[in-house]
Amino acid sequence: MLELINVTKVAGGQTHIHPTNLKLERGTLNVLLGPTLSGKTTLLRLMAGLEKPTAGEVHFDGADVTGMAVQKRKVAMVYQQFINYPAMTVYENIASPLRVAGESQDSIDREVKKVAELMRLTPYLDRQPLSLSGGQQQRTALARAIVKKASLVLLDEPLANLDYKLREELRAELPKIFAASGAIFVYATTEPSEALLLGGNTATLHEGHISQFGKTISVYRNPVDLISARTFADPPLNTMAFVKSGREFKVADSGPGEASAHKSLPVPAHLSGIADGPVTLAFQPHHISLAAPFPSAPKLRVKTLISEIAGSESFVHVEFGPSRWVMIEHGVCDLEPDTDVEVYIDSRHLMAFGSDGKALAAAPHDDSHRAG
Amino acid sequence: MATQQSPSPAAATSVAHVKREGPKFSWIVPLVYIVFLMIPIYWLVVISFKSNFEVMNSFSIIPQDPTLRNYKVILTDSSWYLGYVNSITYVLMNMVISLLIALPAAYAFSRYRFVGDKHLFFWLLTNRMAPPAVFALPFFQLYSAFGLIDTHIAVALAHCLFNLPLAIWILEGFMSGIPKEIDETAYIDGYSFPKFFIKIFIPMIASGIGVAAFFCFMFSWVELLIARTLTTTSAKPISAIMTRTVSATGMDWGVLAAAGALTLIPGVLVIWFVRNYIAKGFALGRV
C-alpha cells in the first residue's frame, strides 16, 4: 500500500502540491486526472522518490520511504516522451533493470523474451530504439517497466504522444497486462475518457489539490465539487447560475419583463432536497440535445453559435444568456449560426453546486440510462 | 534538376539551357579556392623531397632529383623525432585531463541550477578569448616555483586553461540535448550515478566527446608560445624545435619542410576520424 501523508511540494516559492493525503491499495489501477500543470507529474515524481516532498511523508507497505533513494525503491516509471537508452538495443533496454539487479543471463533472456512477446517487440530486439516507430519505442519503455516487476508502476501520460489507433490498442491492453502483476498502478492523464476506459480509481487533480478520490465511475457520476466535475468533463462541463425557488430553477439574472417560458427548469426529484437560493447547475455536454431524452424533459431556448462536425458526432456550441454551452449530437448536425432553437436538458443528470463550489446533491445511481 | 512543362519546345530548351548554365561552371570558384589553399601545402611537401641545393638554386614545381634524405634526418636524429614524441605526449595528456574534468563540469552545468551558474559558464568562455601570450609570463613563474618547467604535464596543464572551457562548452551542448528523464529512468532502473554516467550517459554523448577531444587536440597541437616558454630540452615540442634549424651551414630548408609535412599528419588523421562527429557538433550549434 502506498500512502501519502500530508505530502507538500514547494519549489521556487510556488506550491506545486498542496498538502495531499492519498492511500493506494496493492493491485489497483489509479488514475490521476487533471489538466496540464495541475501537478500530476510532480505527484508521480514524489511517489517515485525522484523528488523529496517539502513536507509530509510517503509510506510504502507501512514503512516510511520519504527520503529513500529511488534506486532502492521498487518503482518503475514510463514517461510521456519515449525514453529509452539510445545507445543500447531494444533487448538491452528491456534487460537493463534486470542486469542492474544482477540476475543470471538465463533468467534475463527468458524474462526479456517473454515481455517482448507480450509487447510484440520480438522482431525488433536487435534494433536501436531510435530506429523504431513511436509506438514501438513506447512499447519498449513499457516493457522495461513491466520486466522490472516493480511494486509501484507510474505511468505519466504514456499514450499522449502516440497516434490514435495505437493509443486505443495500448489502452485496451495496459490494464490487462498490469492487472496480473498485483502492483500499484498510477496512471496520469488529461483525458476524462481515458480515465473512464481504464476504470479503477480516479483522483481528480486541480492546481495541486486532489479534489476527489474514489472509484472512477462514482467520481464521474457524483463529483463532490465543481472543480472535480469540470476536470472530468470533455468537452467542458456546461454550467449556469440559477436560483432555486420552490419547485423551479429560475435563471439567476432574468430581468423583469422577459418571458419566463424557456427560462426556468423544474427541479428534478434528486435535487428536490436542496434549499432555496442561488445554485450553479451543471450537466455534461451529452445531457443536452435536440431530441427529448424522456417524454417530459424540460426545454430551454438557446441561440446557436457554431457547429463543429466530427463525423460520428457534432459539437454544437450554443449560448444561453451569458453562458456558453456545448451540445453533443449524434451524426452530422449542421445548425445555422445565430438561430434560436429549443433544446432538451436531461434533468435526471443535472448536478447542483452551491456558491462554495461544493456539490449540493448527487445525481442518482441509475444504470438504466448510461452516463458514459 | 527541375524540368518545367512548357507548351513550345523552343521555350523548353531555353529554360533547360538557362538552368544548366549555373551548375556548369559553379565548380570553378571552389576549385580556385581549394587550389589556392593547397599551394603552400603542396610547396611544403615538394620542398621536403628536394635537396637544399635545389631549393636554393632553382625553381621547380616537381623535385628534379627527389630525395628522402630530409625525412631520414628527422626519423633517425633523436633531437628531431623526440619533438614529435614530446608534442604527442602532452597533447594526449591535455586531452585526457580536459575531458576528465569537462565531463562532470558540463554535466553539472547542464543538469543543475546553482547560484551564478550562467555567469560562471560565460566566464569560462572569456578565458578562451584571452591571447595565450598574456599567460606566458605568469605560467613560467608559477611552474618554475613548483619545479615543473620542462615537463610534459606543465604544458598539458597550461593548455587546459584554454581547452577546458571549450570542452565544457561543447559537452554541455551535447548533454543538454539529452532529456533529463533518461537520467531518472536509469536511477529508477537501479543504476547508481557513476554506473549510469559510464554505462548509459557517456555512450549517448560519444560524438560530443569526440568533438571536444578534437578541439583540445587541435589547439594543443598547434600552440607554440606557451609550449616553448615552459620547456627547454626534455619536453620540447616539435614546433619549437622547428624554429631552431639554423646551423653553421645556414638554414636546412629540406629538413624543415619535412618536419612541417610530418606535423600535418596527426591533424589530418584526427580530422579523418572525427569528421562525422564534427558535422553533428555543428548541427547542435556549439562548435
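These are my notebook entries on strand pairing in chain A of a predicted model.

**Entry 1: the four-stranded sheet**

I began with the order of the strands. In chain A it reads β2-β1-β4-β5, and the sheet is open with antiparallel pairing. Next I wondered which strands stand at the edges. They are β2 (14–24) and β5 (63–64) of chain A; each has a single partner strand, so one side of each is left without a neighbour in the sheet.

**Entry 2: β1 and β2**

I then looked up how β1, residues 2–11 of chain A, meets β2(A). The two pair in the antiparallel sense, and I noted seven bridges. For a handy landmark on screen, I picked A:L4, whose bridge partner in β2(A) is A:L22.

**Entry 3: β16 and β17**

Further along chain A, I turned to β16 (residues 299–309) and β17 (residues 313–320). These strands run antiparallel and are joined by six bridges. Here A:E308 faces A:F315, which lies in β17(A). I also checked the hairpin that β16(A) and β17(A) make: three residues lie between the strands, and A:G311 takes a positive phi near 95°.

**Entry 4: β17 and β18**

How many bridges join β17(A) to β18 (residues 323–330) of chain A? I found eight, with the strands running antiparallel. A:F320 has its bridge partner, A:S323, in β18(A). This pair of strands, β17(A) and β18(A), forms a hairpin with two residues between them. In its turn I stopped at A:G321, where phi is positive, about 60°.

**Entry 5: a note to myself**

β17(A) is worth a second look on screen, as it pairs with β16(A) through six bridges and with β18(A) through eight.

How values were computed. Residues are numbered from 1 along each chain as its sequence is written. Chains are lettered from A and ligands numbered from 1 in the order in which they are written. This is a predicted model: local features need pLDDT of at least 70, side-chain atom pairs count only at pLDDT 80 or more; totals for chains, interfaces and linings use all residues. Two strands pair if DSSP finds at least two bridges between them.
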